[in-house]
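Here is a short set of exercises to work through with the model open in your viewer. Try each task before you read the solution below it.

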Amino acid sequence: MPSQTLTDLHLEDLENLKPLDIAKLKRIGIESVLELATSIPQDLAEDIGDKPEKMSILIVEARKALTNIGLLSKEFCTAADIMTRRNQIMRCTTGSKSLDGLLGGGIETQALTEFAGEFGSGKSQLCHTLSVTANMAKARGGLGGNVIFIDTENTFRPERIHQIAEAYSIDPEKILSSIFVCKIYNSSHLEFVIKNIAKYLEEYRASLVIIDSIISLHRAEYSGRGTLWDRQQKLNSMLHRLTRLAEVYNIAFVLTNQVQSNPDATFAGDPTKVTGGNILAHATTYRIFFRKAGHNRIAVMQDSPYHEYGSVKFTISEKGVVDAEDDRKTGKANDSESGW
Ligand code: ATP
Ligand code: MG
């Protein structure tokens, strides 16, 4: 995280912004350069009542300012520059060597990682486990930072954090006071919190932000009103902002998404054919499907720009997410299974 607080960089610090535009932006709640840089032109145009083309120019000014101080990549940069930035990526263990292996060493900073799966497939259990492991030192596979847990389903349980921390021999009290939980009541509340997330990231010095789940409220609320397009727009705005912030702050975002498995597709070996599973498909960096298999869970890597397609087994224990028992016994935990 940068040492200066980015949210203190105000619109007035942008030389090319006219006072009238600044006033209009402030009227819709945009105060900082970061908020402007992570906005979508169409959203601003709608809120302000102006043309998207003009809003794009304002956003470009804000992005330029962040690029100049080295927080956003330039429009064109060398592959070597990108490599330097990617070398800063940190990885956080999921608790299972197999699952870490599938992810190339754990969940990454500078990325949005989506875990999609049916009910009871272990998404929330993984979120609880990551809340503990992210707090661990980097040498132990953690991110060495605090966690923000955005709970839209009222399934966050401090007791479970306590139990997992004890299993890792970490002081549970210390862990409990470094997880900042935000209970969300409806889709507008979630949009509001995400709009302001940069402030919370700085205030709570978070290295990992978990949103469990990203779309359940929108899915439920928009089934009776609005259109699919409206819902998609709201989700796109949120995900766009999170993608930029993951890059600027070098932090990890973990999102969950409940999907129904399509039994036919599972038998045919194609887990991508899931009902409602494609809503976030193009917005997240990595996408992993979870499926129940008796006591075990199967994780399948989808939609990754550089991970190979593969699947692994893991299970859930007192310690949270762990390797499947047979893999632990045979020491096979690092090997990916091929196919289903
Ligand atoms: P949903 O889509 O409904 O939110 P989910 O994918 O988040 O589902 P989880 O809540 O992560 O599902 O997983 C629930 C499962 O985790 C339970 O069915 C149980 O098998 C397992 N589980 C929960 N707590 C423990 C524990 N202490 N020890 C072992 N297994 C546990
Ligand atoms: Mg859950």
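**Exercise 1. An aromatic cluster**

Task: Find which residues join F115 in one aromatic cluster, and describe how the rings of F115 and F290 are arranged.

Solution: Keep in mind that this is a predicted model.
- Step 1. The cluster consists of F115, F290 and F314.
- Step 2. Counting over the structure gives 4 aromatic pairs. One of them is formed by F115 and F290, with 5.3 Å from centre to centre and 40° between the planes.
- Step 3. Planes under 30 degrees apart would count as stacked and over 60 as edge-to-face. The F115 and F290 pair, at 40°, is tilted.
- Step 4. Now locate the two partners: F115 belongs to strand β3 (residues 111-117) and F290 to strand β8 (residues 286-293). They are 175 residues apart, and the pair links distant parts of the chain.
- Step 5. Finally, check accessibility: both F115 and F290 are buried.

**Exercise 2. A second ring pair**

Task: Classify the ring pair of F180 and Y204, and decide whether F180 is buried or partly exposed.

Solution: A pair of aromatic rings is described by the distance of the centres and the angle of the planes.
- Step 1. For F180 and Y204, the centres are 4.3 Å apart and the planes are at 20°. This pair is stacked.
- Step 2. F180 sits in strand β5 (residues 179-183), and Y204 in helix α11 (residues 197-204), 24 residues apart.
- Step 3. Buried requires under 20% relative accessible area. F180 has 25% relative accessibility, so F180 counts as partly exposed. Y204 counts as partly exposed because its relative accessibility is 26%.

**Exercise 3. Charges over rings**

Task: Which ring does the charged end of K292 sit over, and which residue lies over the face of Y168?

Solution: Take the lysines one at a time.
- Step 1. The charged end of K292 is placed over the ring of F119, 3.8 Å from its centre.
- Step 2. Over the face of Y168 lies K319, at 4.4 Å from the ring centre.

**Exercise 4. Two helix crossings**

Task: Describe how α7 packs with α8, then do the same for α3 and α4.

Solution: Two packed helices are described by the angle between their axes and the distance between the axes.
- Step 1. Helix α7 (residues 123-133) and helix α8 (residues 158-167) have axes that come within 9 Å and cross at roughly 55°.
- Step 2. Angles under 35 degrees would count as roughly parallel, and 65 to 115 as roughly perpendicular. α7 and α8 are therefore oblique to each other.
- Step 3. The crossing of α7 past α8 is right-handed.
- Step 4. On the α7 side, Q125, H128, T129, S131 and V132 take part, meeting R160, I161, I164 and A165 in α8.
- Step 5. For α3 and α4, the axes are 8 Å apart and the angle is about 115°. α3 also makes a right-handed crossing as it passes α4.
- Step 6. This contact uses P41, L44, A45 and I48 from α3, together with P52, M55, S56 and I59 from α4.

**Exercise 5. Residues one by one**

Task: Place L44, E61, D21 and H162 in their helices, and list some of their contacts beyond four places in sequence.

Solution: Go residue by residue.
- Step 1. L44 is in helix α3 (residues 41-48) and is buried because its relative accessible area is 2%. Its contacts include L25, I28, M55 and I59. I59 is 15 residues from L44 in sequence and 9.6 Å away, C-alpha to C-alpha.
- Step 2. E61 is in helix α4 (residues 52-68). With 15% relative accessibility, E61 counts as buried, and it is in contact with L14, N16 and L17.
- Step 3. D21 lies in helix α1 (residues 19-27). Its relative accessible area is 7%, so D21 is buried; its contacts are K54 and L58.
- Step 4. H162 belongs to helix α8 and is partly exposed, at 26% relative accessible area. P172, E173 and L176 are in contact with H162.

**Exercise 6. The whole chain**

Task: How many helices and strands does the chain have, and what percentage of its residues count as buried?

Solution: Two counts settle this.
- Step 1. The chain has 15 helices and 11 strands.
- Step 2. Of its 340 residues, 51% count as buried.

How values were computed. Residues are numbered from 1 along each chain as its sequence is written. Chains are lettered from A and ligands numbered from 1 in the order in which they are written. This is a predicted model: local features need pLDDT of at least 70, side-chain atom pairs count only at pLDDT 80 or more; totals for chains, interfaces and linings use all residues. Side-chain values use heavy atoms; hydrogens and water are left out. Rings of Phe, Tyr and Trp (its six-membered ring) pair if their centres lie within 6.5 Å; planes under 30 degrees apart count as stacked, over 60 as edge-to-face and the rest as tilted. Helices (H or I, at least four residues) and strands (E, at least two) are DSSP runs, numbered from the N terminus. Buried means under 20% relative accessible area, exposed over 50%, partly exposed in between (1.4 Å probe, protein chains only). A charge sits over a ring if NZ of Lys or CZ of Arg is within 6 Å of the ring centre and within 35 degrees of the ring normal. Axes are lines fitted to C-alpha atoms, for helices over the stretch in contact, and angles run from 0 to 180 degrees between N-to-C directions. Angles under 35 degrees count as roughly parallel, over 145 as roughly antiparallel, 65 to 115 as roughly perpendicular and the rest as oblique. A crossing is left-handed if the near helix is turned anticlockwise from the far one by less than a right angle, and right-handed if clockwise. Contact means heavy atoms within 4.5 Å.
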